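Thank you all for coming. Please take a moment to look at the sequence and the structure before I go through the sheet and the pocket.

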Amino acid sequence: FENFEVKNQSENISITPEISFIPKIKVKKNKIEIELEKDSLKPNTTYSINFGQSIADINEGNILENFYYTFSTGSSIDTAYISGRILTIKENKTLDKTTIQLKNSITSVKYSTFSDKNGKWRLNNIAQGNYSLLVYKDNNSNKRLDKYESYCYETITLNEKPKSITSKLITYQSNFDTTHFTALKCSYINENTISLKLNKPP
């Protein structure tokens, strides 16, 4: 095996479900050591570490893309997965570097990833259940949806069958009244019409 290095860890490496600390990652020639905090992981939970484009051999700089390491704190590994593609609602163009957040409706366990240059994304080794899916363009990199950022929100159910979703993003508008309307789904009909499904009757 060739010796390699791990580049730009904070930008390239992601762990799902989300954890509250930054793991220590060390490279020793052709081995990677990952140090996790004691008692920091949830019981009976499957975790996946995606190294993105961080692993490269030292001699030629060849990159091992999207290498995953998966482990479980329980007796089995979850096998459900979800994938998708991100598009703008009007232009129908793909969006890269878009944030995808998947949250379990009961346990509140969160999974997250980003879309690639073709607007595609995938989350592996997910527990079956009901989830909320939030997709948004995090323009200011503060890890939350803000006014004027493009987004899509919907609820989904995951089981043993693979699930694929196409999300079309609209612009989020916020105000300071007490109505708290949210667009759950939307579709571009023509130049003058966009269909919206709201979280409650207007």
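How many bridges join β10 to β11, and do they run parallel or antiparallel? Five bridges join these two strands, and β10 and β11 run antiparallel; strands here are DSSP runs of E with at least two residues, helices are runs of H or I with at least four, and both are numbered from the N terminus.

Before going on, I should say that this is a predicted model, in which local features need pLDDT of at least 70 and side-chain atom pairs count only at pLDDT 80 or more, while totals for chains, interfaces and linings use all residues. Residues are numbered from 1 along each chain as its sequence is written, and side-chain values use heavy atoms, with hydrogens and water left out.

Coming back to those strands, Thr99 has Phe114 of β11 as its bridge partner. β10 and β11 belong to an open sheet of seven strands with mixed pairing, in the order β11-β10-β13-β14-β15-β9-β12, where two strands pair if DSSP finds at least two bridges between them. The edge strands, each pairing on one side only, are β11 and β12.

Now to the largest pocket, an open set of points on a 1 Å grid over the protein atoms alone, where a 1.4 Å probe fits, with protein on both sides within 12 Å along at least five of seven lines. About 1,800 Å³ of space lies in this pocket, the volume being the space filled by probe spheres set on the points, which are joined across faces, edges and corners. It is lined by 39 residues, meaning those with an atom within 4 Å of a point, and among the closest to its centre is Phe114. The largest share of the lining, four residues, comes from α1.
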